[in-house]
Amino acid sequence: MKRQLPFLLVFIFGAFMTIQYYIPHESSEFVYTFLLDWTMIIGIFALALGIWSLYQVSVEKIKHKKENWVYSYVTLFGLFIMVVLGFTFKVGDSWGLYSVFVIALMAFLYCLINASIAKSKGLWFGLSGVALVVLLGIAYFDDSWGVAFMTSEGLRNTMFTNFADFVMTPILATMFALLAFFIASAAYRAFRARNVLASLLLVSAIIVMLRFNPYMPFGLPELIAELSNWLMNVPNLAAQRAIVIGIGLGIVATSLKVILGIERGYMGKG
Amino acid sequence: MLSPLMAITVQDIGITVSLVFILLGLAWLAWRSFSGKEVDRRIIFLFIFFSVAMPVIFKISFKFKATPIVNALYEKIESLPNNSTVLISYDFDPAMAPEVQPMADALSRHCLSRDIKIVYMCLFPTGQGQLEQTFSTVVRNEFPEKQDGIDFVNLGYKAGGEGVLNVIVTDFEKMFPTDVNSVPYSEIPIFDNIKSCKNLDLIISIGGGRPGIKEWVLFVGDPGNIPMAAGVAAVVAPQLYPYYPNQILGLLGGVKGAAEYENRLRDSDPKFADMPTPATTMMGPQTLAHIVVMSFIIIGNILFFRNRKRGEIS
């Protein structure tokens, strides 16, 4: 029963969602929308599960001092502090005791993490309790800033936007930009016209890149632009359509296998 | 009258210096390669660094003519009557932002300048932060007279991806009972005549990940027969050509697409003459980096054919 029930649920809901698409009746659409709400609720539970899992994995790493364990502190501090910053906003002209609040929050997190891994749990729990009292005290008595759970004021919090704009955005953009260096190295070392297909790829790549180039003489830019547009609109389009249709058919086949219980990978066992 | 020398700008000097530097460097690299000496990977990295840094230092940028696929979106927005409503969905994160944020800003600027109402939303949680950037740099800064709720509205992020799209194609309020400022749907004037996505005049998805434009087409554009357009990262653009021009009427691909749109906008109306053009600025480094990469491919292949002729490579 433990295994049959999930299969039965997958079959019923999978079959229903397939058939429902072809029934243009409001009762069918009502059930469909109702099930979509479930999907979103389950998704939000998965988010909470994910955060708990990340916390546990990071704490384990700190506990056993695994490779790069120090970064786990950065992960946990970043995770929880950004959440708090995103919910708080300035009310008056100054931030009041907000900086003390952030320091107390960091202290609370540090004590809580140590309470999970240290032998003397009582001491760390006590310290985290003190930090929590300070935190809540400042949050309650300091009127210069507020907490917004239902509105977007927190997203305009200077610390939140500065961390997002000047830390997160440059880091992510840098990771993406590093690709340019590896592409250049690969272009010099590995991008070779070894056979007909590789030669075609190479010539096409050069034509598409050349369309960006303003230094070409003798009306070549127009010619290259036309050639590049043709490459994108004809061979690329044909190949992409074939890929899209292939993927679509693959999705249908895999979905049928899942609905009929042939593919059981989602249960954790093949 | 200015003498020819006086007419030379810092940008001209920058382009010349950059090209001379890069050509000399490439000649040295080619000579070294053909002499059979190893070229260290760090030298290649250095080339890319200089080809990107020099246009930034000398502020080198070029003008770009809009391609038909970019122009189609521009013309669509131009053809919309005043008080039309366009939905712009920010389906991207900061990693994609350098490529797609400029197009999101340019599209907002274009719509607002034509008195077209905008409904903002996002399917990526980090899209909300990117949306705030557009609000601070374009909406509040350049159009202070536009009012929240009347000329534009921010619905913010909603979890659920395809599920969200499936609902808003028939009922907006069900998924967004309030905007990000907790104003109830029924009290937002922009939604007076809008019940679902079917009442919108155009939907533009900016992004490149999932959920993104493909999901918008699949769950909203096609079933609702709603005009759709997209702005995506350059790596994703070729995958979306099958959707043009039937499912998506226009497409901005990467920084190049954004630069084309900025140039088209700037050339169309003098009021846009001084508008910020970050994508056009970014095209300088990208162009020189492309020249370097193409040169590497050519040098590498000449070397490959020479070695193969000599029998060093089978």
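In chain B, the side chains of B:E75 and B:R264 form a salt bridge, with N and O 3.0 Å apart. A salt bridge here is a side-chain nitrogen of Lys or Arg within 4 Å of a carboxyl oxygen of Asp or Glu. This pair joins distant parts of the chain: B:E75 lies in helix α3 (residues 68–79) and B:R264 in helix α10 (residues 254–268), 189 residues apart. Helices (H or I, at least four residues) and strands (E, at least two) are DSSP runs, numbered from the N terminus.

The structure is a predicted model, in which local features need pLDDT of at least 70 and side-chain atom pairs count only at pLDDT 80 or more, while totals for chains, interfaces and linings use all residues. Residues are numbered from 1 along each chain as its sequence is written, chains are lettered from A and ligands numbered from 1 in the order in which they are written, and side-chain values use heavy atoms, with hydrogens and water left out.

**Salt bridges within chain B**

Over all chains, the rule gives 11 salt bridges. The table lists three pairs from chain B together with the exposure of each partner. Buried means under 20% relative accessible area, exposed over 50%, and partly exposed in between (1.4 Å probe, protein chains only).

| Pair | N to O distance | Acidic partner | Basic partner |
|---|---|---|---|
| B:E75 and B:R264 | 3.0 Å | B:E75, partly exposed, 36% | B:R264, partly exposed, 24% |
| B:D40 and B:R42 | 3.0 Å | B:D40, partly exposed, 31% | B:R42, exposed, 63% |
| B:E132 and B:R140 | 3.6 Å | B:E132, buried, 9% | B:R140, partly exposed, 38% |

In the third pair, B:E132 counts as buried because its relative accessible area is 9%, whereas B:R140 is partly exposed at 38%. Elsewhere in chain B, the residues B:E162, B:R210 and B:E215 are linked in a network of salt bridges.

**Chain B as a whole**

Chain B contains 11 helices and 6 strands. Its C-alpha atoms fill a box of roughly 75 × 60 × 30 Å along the principal axes. Of its 314 residues, 56% count as buried. The accessible surface of chain B (Shrake-Rupley method, 1.4 Å probe; for residues, only the protein chains shown count as cover) is about 13200 Å², and 58% of this belongs to carbon and sulfur atoms. Contact means heavy atoms within 4.5 Å. Among contacts in chain B with a separation of 6 or more, 73% are between residues 24 or more positions apart.

**The interface of chain A and chain B**

The size of an interface is often given as the accessible area lost when the parts come together. Chain A and chain B bury about 4700 Å² between them, 68% of it on carbon and sulfur atoms; this buried area is the accessible area (1.4 Å probe) that two parts lose on being put together, summed over both. The contact involves 46 residues from chain A and 61 residues from chain B.

Across this interface the rule finds 1 salt bridge. It joins the side chains of B:K174 and A:D37, with N and O 3.1 Å apart. There are also 8 residue pairs in polar contact, both residues being at pLDDT 80 or more. A polar contact is a pair of N or O atoms within 3.5 Å; within protein, one must be able to donate a hydrogen and the other to accept it, and residues adjacent in sequence count only if both atoms are side-chain atoms.

On the side of chain A that touches chain B, α6(A) supplies the largest share, 14 residues.
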